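Biologist: I would like to go through this fold with you and ask where each label comes from. Could you set the values against the definitions as we go?

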Amino acid sequence: MLKWIAAGLMILNVAVYLTIGGQTGRSQEERVPARPVVNEQAMLLLSEIPETASAVSVQPQDDSDPTPVRTSGIPGDSPDFPDTGTESPEQSVQTDLSDLPSVDDQDTQKPERMYTDEKLPASCFRIGPFNSEDSLEQASAWMADNRITHTPISGDSREFKAIRVFAGPFPDRTAVERYVRELEVKKIQLKARNQALEYYVYGNPQTGFRVSFGYFNQEKLATRYREDLQMLGIQAELATEYETMGPLYWMETSVTGDIVDLLKSRQWADEKIGIAPIDC
């Protein structure tokens with residue numbers, strides 16, 4: 001019985017030996033599995049990424065082509081290219097916009113300034129006269145609301161009054177009275193022809209006395225009347241008279257474009273207020 005048990009153990013040992021020997025005959029490739037290719041850089045935690053790590057990989061290039069070539073997308077878009085916050089020389093070539101023109105000036109961005117650098121010509125005006133400071137302040141407030149720069153000025157004004165037809169001056173009252181007696185004779189003669197002659201004396205001993213025959217708003221009418229008097233033997237002269245008013249106030253401004261039309265169409269509080277062009 002023991003003999004059969006021993007024979008069975010020997011057979012079992014031989015079988016185990018043959019099995020182990022067959023496995024040791026296999027190649028190293030069959031016995032050891034190949035290590036899988038993994039992206040170790042992508043598997044790093046944010047705290048483990050080196051500060052000097054490059055965010056861009058570059059393919060080997062021919063020495064004849066000095067321009068670096070990007071081989072992937074934008075850093076941070078994929079695990080292969082994490083955004084490390086640093087910029088490589090290759091990246092700066094692709095994203096540097098310092099050579100491009102920048103437009104930061106608001107005036108440059110206006111549509112009318114996008115196509116020309118030429119400035120529109122300015123027109124200068126004087127507005128007035130305003131007869132009070134309150135009237136001037138109201139006009140100044142309107143100018144400020146419309147962003148129109150202006151300069152207030154004040155002073156007296158000589159306003160055109162009329163053209164006078166007159167005779168004189170006479171040195172004293174006696175001389176002017178003698179001249180008036182001659183006019184009375186002429187007046188009677190004209191009345192007989194259904195014509196009238198009007199006149200009055202004005203002046204003083206210091207400036208002399210004069211005889212006025214009338215005022216005319218138009219110079220041609222005044223000239224025609226003086227010729228009629230000369231045909232009657234009455235010598236007369238013409239004088240343009242002005243009336244000084246003040247203090248009065250004006251505004252001076254320099255504007256361009258549509259502001260000119262805005263000023264000209266403005267209805268001011270006083271009809272005497274006007275806008276007149278002046279030299280800039």
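Modeller: Gladly; here is a short conversation about the sheet, the disulfide and the cores.

Modeller: This is a predicted model, in which local features need pLDDT of at least 70 and side-chain atom pairs count only at pLDDT 80 or more, while totals for chains, interfaces and linings use all residues. Residues are numbered from 1 along each chain as its sequence is written, and side-chain values use heavy atoms, with hydrogens and water left out.

Biologist: What is the order of the six strands in the open sheet?

Modeller: The order is β3-β4-β2-β5-β1-β6, with antiparallel pairing. β3 (200-204) and β6 (274-278) are the edge strands, as each pairs on one side only. Strands are DSSP runs of E with at least two residues, helices are runs of H or I with at least four, and both are numbered from the N terminus.

Biologist: What makes β2 and β5 a pair?

Modeller: Two strands pair if DSSP finds at least two bridges between them. β2 (residues 150-170) and β5 (residues 237-255) have 15 bridges in the antiparallel sense, so they count as paired. One of the bridge partners is W250 in β5, opposite I153.

Biologist: And how many bridges does β4 make with β2, and how many with β3?

Modeller: β4 has six with β2 and five with β3. V211 in β4 stands opposite A167 and is also the bridge partner of V201. Three residues lie between β3 and β4 in their hairpin.

Biologist: How do you know that C124 and C280 form a disulfide?

Modeller: A disulfide is a pair of cysteine sulfur atoms within 2.5 Å. The sulfur atoms of C124 and C280 are 2.0 Å apart, so the pair meets that cut-off. The count by this rule is one disulfide. The link is right-handed, with 120 degrees about the S-S bond. C124 lies in strand β1 and C280 in the segment after β6, so the bond ties together parts 156 residues apart in sequence.

Biologist: Are those two cysteines buried or exposed?

Modeller: Buried means under 20% relative accessible area, exposed over 50%, and partly exposed in between (1.4 Å probe, protein chains only). C124 has 11%, so it counts as buried, whereas C280 has 68% and is therefore exposed.

Biologist: Why is T253 called buried?

Modeller: The relative accessible area of T253 is 6%, so the residue is buried. T253 is found in strand β5, and its side chain reaches the backbone oxygen of T149 at 2.6 Å. That fits a polar contact (a pair of N or O atoms within 3.5 Å; within protein, one must be able to donate a hydrogen and the other to accept it, and residues adjacent in sequence count only if both atoms are side-chain atoms).

Biologist: What makes a set of residues a nonpolar core?

Modeller: The members are buried Ala, Val, Leu, Ile, Met, Phe, Trp, Tyr and Cys residues joined through side-chain atoms within 4.5 Å. The largest such core has 20 residues, and Y179, V211 and F213 have the most contacts inside it. β2, α7, β4 and α8 (219-231) each give two or more residues to this core, and α7 gives the most, with six.

Biologist: Which residues does Y179 touch, leaving aside neighbours within four places in sequence?

Modeller: Y179 is in contact (heavy atoms within 4.5 Å) with A167, F170, V211, F213, I234 and Q235. A second, separate core has 15 residues, including F130, A139, V255 and V260.
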